[in-house]
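Open your viewer, get comfortable, and let's take a short walk together. At each stop you will get something to select and a note on what is there.

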Amino acid sequence: MFCEKAIELIRELHRMSDGQLPAFNEDGLRQVLQEMEALYEQNQSDVNEAKSEGRAKLIPSIKLRHCCLLRNQRCVTAYLYDRLLRIRALRWEYGSVLPANVRFHMCAEEWFSQYKKSLASFMRSLGGNEGLDITQDMKPPKSLYIEVRCLKDHGEFEIDDGTVILLKKNSQHFLPRWKCEQLIRQGVLEHVVS
Amino acid sequence: MFIADIRKDFYEVVANQRVVLLVAPDIDALCACKILQALFHCDQIQYTLVPVTGWQELGTAFLEHKEQFRYFVLINCGANVDLLEMLQPDDDSIFFICDTHRPVDVVNVYNDTQIKLLIKQDDDLSVPSYDDIFRDEDEEGEDSGNESDEGSEPSGKRRRFDEGAVERRIERQRAKREWEARRREILFDYEQYEYHGTSAAMMFFELAWVLTKDTKDMLWWAIIGLTDQWVHDKITNMKYVTDIATMQRHVSRHNHRNEDEENSLSIDCMRISFEYDLRLTLYQHWSLYESIYNSCYTSCSFKLWTLNGQKKLQEFLADMGLPLKQVRQKFNSMDMSIKENLRDVIEESSNKYGMKDIRIQTFGVHFGFKNRFLASDMVHATAALLESAEKDDSETDNFIKALDALSRCAKETKFTLQRLNLLTFPLKMSSFFFLLFSLCRSNIDRLHSGIALAKKKLIAIQQTVASCICTNLILSQGPFLYCYLMEGTPDVKLFSKPMALTLLCKYLLKAFVHSTRNKRCKLLPLVMAAPKDVEKGTVIVVGIPPESETSDKKNFFGRAFEKAAESTSSRTLHDHFDTSIIELKTEDRSKFLDALITLLS
């Protein structure tokens, strides 16, 4: 049946839960495009035949093929657009340098770097001279500083104003939120709610 | 120097700075630390919290942090020793010391620049005056100058002056020697006895009150800090009662909202109430029978290590009309009819059996429908957590656990925070909440595990006391009583920790005083030794003052231990902030003991 390959592509994306990016299904895409080409060829020949010989009986099949073509086109663009959105979300999630395991699946490196560039130039244009990092604090934070506990010996850690903090196991610190988020993700610090 | 205005001279000084908090391992310090942390959170003062268990760790922590920080706050450590000499700080380091250990070292009192003491100038400080201890150096310079002149040119003309000058010189030297002798005497008297002052948690609560940032949580922590001093017998009864009255004023101030019928608080809010409650440890979380059996006061009054004592206990329960079946089950499951008048009934009966002080003034808290705790329950639970003898946990791990147990809220783990960050896409609400709840662990659970540990500890103490008394392990050495816990004793690992050993010591002394007939022995202090580390071959030695109703809790063993160790050159480690607790090599035990006996007799 027509358009089944296209639905396969969509299903594949739907199966992967939000946020994860499956490998780019080049094969599937090529098959869909081939199918579209075949349909288009058939339609061309049928249209020519219908025009030249006036056989109105061919019109429904032409219509059918046209609908399939439109459907395939819609599926393919949906597939590509959804992948785009997921890649964009990766930038907001992980920052401008992606960890290795995520980058493995991506093939749209170019698009990603372009997006990074435009986001960076936008952020620079905000907030006067220094620019404003809008990828931090996606939810309004309850406080500027949070209390964190050190889970392993991490050595020295520098904060924005140049002061250095010694992160020793089981010491607790009260630090600005934005500096700690990275370390919390890595598992070195633990947020303490009290 | 002593700080006059705690807000101006301490809080506003550190307001825009970054501070290091060095906290000693006792409950009062933990509570004070939590109050200070809450204040710092309010005002966003950045800090680093480092738990320190002894002088060595204090030194290491100071060295590690002295490059990056200028302000150090020491809680329950550092006042009774010459801090500047010990740590050798740079000139711009400033130390704020809030310590209950007395006597405060004279150098700390009279140093104007680097040491600020967050201690109230109570009546009981009795610091010697400046002139008695410190003397200007100039006068000595004059003396030596004159001497050199006279030494180099003895000629006829100068002879007359010589005599006058020599006399004056002799006079000055005599005066100096007298002054020095008097100084030594004054210092000896001042530093001889070690005792404790007002709770650090109460000091910081007062700071919070002055800043009008005090909350019920802080008040509760201050109460726990005060109760810790009473449970571990650090302050006199008079002082405890006075401090309770101070706290009672704060409690009634915070409670006035409860009385308003229309705007009453929700059941989940914290309510602190004044209780004139029984002195039975943990009785609301245990069965009444177990609690009476294992509480120091009742067990010593009944002498529960004897058969007679146990019979008396049964009589006591029968006298009150409490059926054994009820009394042995969990307190919460006892019949309501029994629980209603329990306190009064017990007080009446205990008066007949000679226990006049079965009730004590204290505070209780309750929040939610399930959670009711007395201040002493919290102290025992946190102390058990702080000193839990599990192999994997280091002391700082235990410190963190105990610190957590003091807070009320559910704990959010780092994993939760990570997942929350990843959940930028809308998930179904049910799965979101499932994730959140499954990853949170409540601090109340930790508190309950602390209570379970505390029960084990109390049972162990009771059994050890019973066995020591029955096997006559307490020997009179003349000026003091002595007891040594052998290595094979059950639960001896619990007693390798200072607080647990001190508690055991006090119970043992009380029990001994009740059980012995020798009048002289009742007035003696007790020294107790227990194995600390079998591999290294060390024992931990603790000395406590004699037991009496009106004791002022002043302990002279700190200095005595030091002198005895010096004179026999035993290998000792005076690492604890309480100078009456030391570590000793097992081989040196006997000669150390002999030296102590000769010193004190």
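## Stop one: a pocket in chain B

The second largest pocket has a volume of about 1,200 Å³. Keep in mind as you look that this is a predicted model. To find the pocket, select W230(B), N237(B), R279(B), Y297(B) and K510(B), which lie nearest its centre among the 45 lining residues.

Now switch to cartoon view. Which elements of chain B each supply at least two residues of the lining? They are α10 (216–231), α11 (237–255), β8 (271–278), α13 (296–302), β9, α18 (375–386) and α23 (498–515). Colour α23(B) brightly: this helix gives the most to the lining of the second largest pocket, with six residues. If you colour the lining by residue character, you will get 19 nonpolar, 15 polar and 11 charged residues.

## Stop two: aromatic pairs

Next, show the aromatic side chains. Over all chains there are 26 aromatic pairs. Start with F316(B) and Y353(B), an edge-to-face pair at 5.4 Å centre to centre, with 85° between the planes. This pair links distant parts of the chain: F316(B) is in helix α14 (residues 307–320) of chain B, while Y353(B) is in the loop between α17 (342–352) and β9 (359–367), 37 residues apart. Is F316(B) buried or exposed? Its relative accessible area is 2%, so F316(B) counts as buried.

Move on to F556(B) and F557(B), a tilted pair with centres 4.9 Å apart and 35° between the planes. Although they are paired, their surroundings are described in separate terms: F556(B) is partly exposed, with a relative accessible area of 23%, whereas F557(B) is buried at 0%. The cut-off for buried is under 20%.

Widen the selection to Y193(B), F480(B), F556(B), F557(B), F561(B) and F592(B), and you have a cluster linked by ring pairs.

## Stop three: charges over rings

Select K554(B) and Y195(B). The charged end of K554(B) sits over the ring of Y195(B), 4.4 Å from the ring centre. Then try R589(B) with Y484(B): here R589(B) lies over the face of the ring, at 3.7 Å from its centre.

## Last stop: chain A

Finish by selecting residues 142–193 of chain A. An unreviewed UniProt entry annotates this stretch as "domain: DNA replication complex GINS protein PSF1 C-terminal". Over these residues, chain A is 19% helix and 42% strand. Draw a distance between the end C-alpha atoms of the stretch, and you should find them 12 Å apart.

Technical notes. Residues numbered from 1 in each chain as written. Chains lettered and ligands numbered in written order. Predicted model: local features only at pLDDT ≥ 70, side-chain atom pairs only at ≥ 80, totals over all residues. Heavy atoms only, no water. Phe/Tyr/Trp six-rings, centres within 6.5 Å; stacked < 30°, edge-to-face > 60°. Helix = DSSP H or I, 4+ residues; strand = E, 2+ residues; numbered from the N terminus. Buried < 20%, exposed > 50% of the residue type's maximum accessible area, 1.4 Å probe, protein only. Lys NZ or Arg CZ within 6 Å of the ring centre and 35° of its normal. 1 Å grid on protein atoms, 1.4 Å probe; cavity = no way out; pocket = protein on both sides within 12 Å on 5 of 7 lines; lining within 4 Å. Points joined across faces, edges and corners; volume = space filled by probe spheres on them. Nonpolar A, V, L, I, M, F, W, Y, C, P; charged D, E, K, R; others polar. UniProt positions renumbered as here; feature names shortened; annotations may be inferred.
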